[in-house]
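Hi,

Here is the structure I promised to pass on. Have a look at it first, and then read my notes below.

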Amino acid sequence: MEGKGFSKFVKSFDESEMSTTALTEAKGWYESLLDAEFRGRKDTDGAARYRLSSRLGVKENVLFRLQYRVTEMKDIAGEVYRRLKLAHDELCERNEEAARAMRAERLGHTGQTNAVDQERALAGVGMAAPEMASPEREET
């Protein structure tokens, strides 16, 4: 099916480009997941890869090939691609949620408002202040 187009208006589409893109994306997701799974100095790649393969339900040899022999691979199974993508999306969502929680804690947002938040800004202070005479306008 290589070189066939989807319709007469679309340029011909090469399936090998799609496979290469899928492999590149899968390898990137796998590397991110492996970094997150890594437990520290005495942990090994093999142990982290084993834990990740058990959690994802993907054979460990597929992950090994993604890590070390991706140049020999022509494509990746759709189920492996999907599982890596979903796990990566979940990792990113957990990361974003932790960042939101840390930001809220840092800013002191607990759902309560301070008295300062309730007061109206003074007329001559802040962004709502009327234009004050600037040095350029004093020349009149």
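Let me start with one residue: Ala-36 is partly exposed, its relative accessible area being 49%. You'll find Ala-36 in helix H1. Its C-alpha atom is 9.2 Å from that of Ala-48, and the two residues are 12 positions apart along the chain. Before I go further, please keep in mind that this is a predicted model.

Now the overall picture. The chain has 140 residues, and 21% of them are buried. Its secondary structure amounts to five helices and zero strands, so if you walk along the sequence you read α-α-α-α-α. As for how the chain comes back on itself, take the contacts with a separation of 6 or more: 41% of them are between residues 24 or more positions apart.

Next, Glu-37, which also has its place in helix H1, a helix made of residues 15-37. Is Glu-37 buried or exposed? With a relative accessibility of 13%, Glu-37 counts as buried, because the cut-off for that is under 20%. Its side chain makes a polar contact of 3.0 Å with the side chain of Arg-51. If you leave out residues up to four places away in sequence, Glu-37 touches Asp-43, Ala-48, Arg-51, Leu-52 and Arg-55. There is also a C-alpha to C-alpha distance to note here: Glu-37 and Ala-47 are 9.4 Å apart in space and 10 residues apart in sequence.

On to a pair of helices. Two packed helices are described by the angle between their axes and the distance between the axes. Helix H2 covers residues 45-56 and helix H3 covers residues 60-68; they pack at an angle of about 130 degrees, and their axes are 9 Å apart. That angle is over 115 but not over 145 degrees, so H2 and H3 are oblique to each other. Their crossing is right-handed.

Which residues bring H2 and H3 together? On the H2 side they are Asp-45, Gly-46, Arg-49, Tyr-50, Leu-52 and Ser-53, and on the H3 side Glu-60, Leu-63, Phe-64, Gln-67 and Tyr-68. Sorted by class, this contact has five nonpolar residues, three polar ones and three charged ones.

Ser-53 deserves a few lines of its own. This residue belongs to helix H2, and its relative accessible area is 7%, so Ser-53 is buried. A polar atom of the Ser-53 side chain lies 2.9 Å from the backbone oxygen of Tyr-50. Setting aside neighbours within four places in sequence, Ser-53 is in contact with Val-58, Lys-59, Glu-60 and Leu-63. Two of these, Glu-60 and Leu-63, are among the H3 residues that meet H2.

Last stop, Tyr-81. Look for Tyr-81 in helix H4, which takes in residues 78-107. At 24% relative accessibility, Tyr-81 counts as partly exposed, because a buried residue would have to be under 20%. The side chains of Tyr-81 and Glu-25 are joined by a polar contact of 2.3 Å. Apart from neighbours within four places in sequence, the residues in contact with Tyr-81 are Ala-22, Glu-25, Ala-26, Trp-29 and Ile-76. And for a link between distant parts of the sequence, try Tyr-81 and Tyr-30: they are 51 residues apart along the chain, yet their C-alpha atoms are 9.6 Å apart in space.

That's what I have for now. Over to you!

Best wishes

Technical notes. Residues are numbered from 1 along each chain as its sequence is written. This is a predicted model: local features need pLDDT of at least 70, side-chain atom pairs count only at pLDDT 80 or more; totals for chains, interfaces and linings use all residues. Side-chain values use heavy atoms; hydrogens and water are left out. Axes are lines fitted to C-alpha atoms, for helices over the stretch in contact, and angles run from 0 to 180 degrees between N-to-C directions. Helices (H or I, at least four residues) and strands (E, at least two) are DSSP runs, numbered from the N terminus. Angles under 35 degrees count as roughly parallel, over 145 as roughly antiparallel, 65 to 115 as roughly perpendicular and the rest as oblique. A crossing is left-handed if the near helix is turned anticlockwise from the far one by less than a right angle, and right-handed if clockwise. Contact means heavy atoms within 4.5 Å. Ala, Val, Leu, Ile, Met, Phe, Trp, Tyr, Cys and Pro count as nonpolar, Asp, Glu, Lys and Arg as charged, and the others, Gly among them, as polar. Buried means under 20% relative accessible area, exposed over 50%, partly exposed in between (1.4 Å probe, protein chains only). A polar contact is a pair of N or O atoms within 3.5 Å; within protein, one must be able to donate a hydrogen and the other to accept it, and residues adjacent in sequence count only if both atoms are side-chain atoms.
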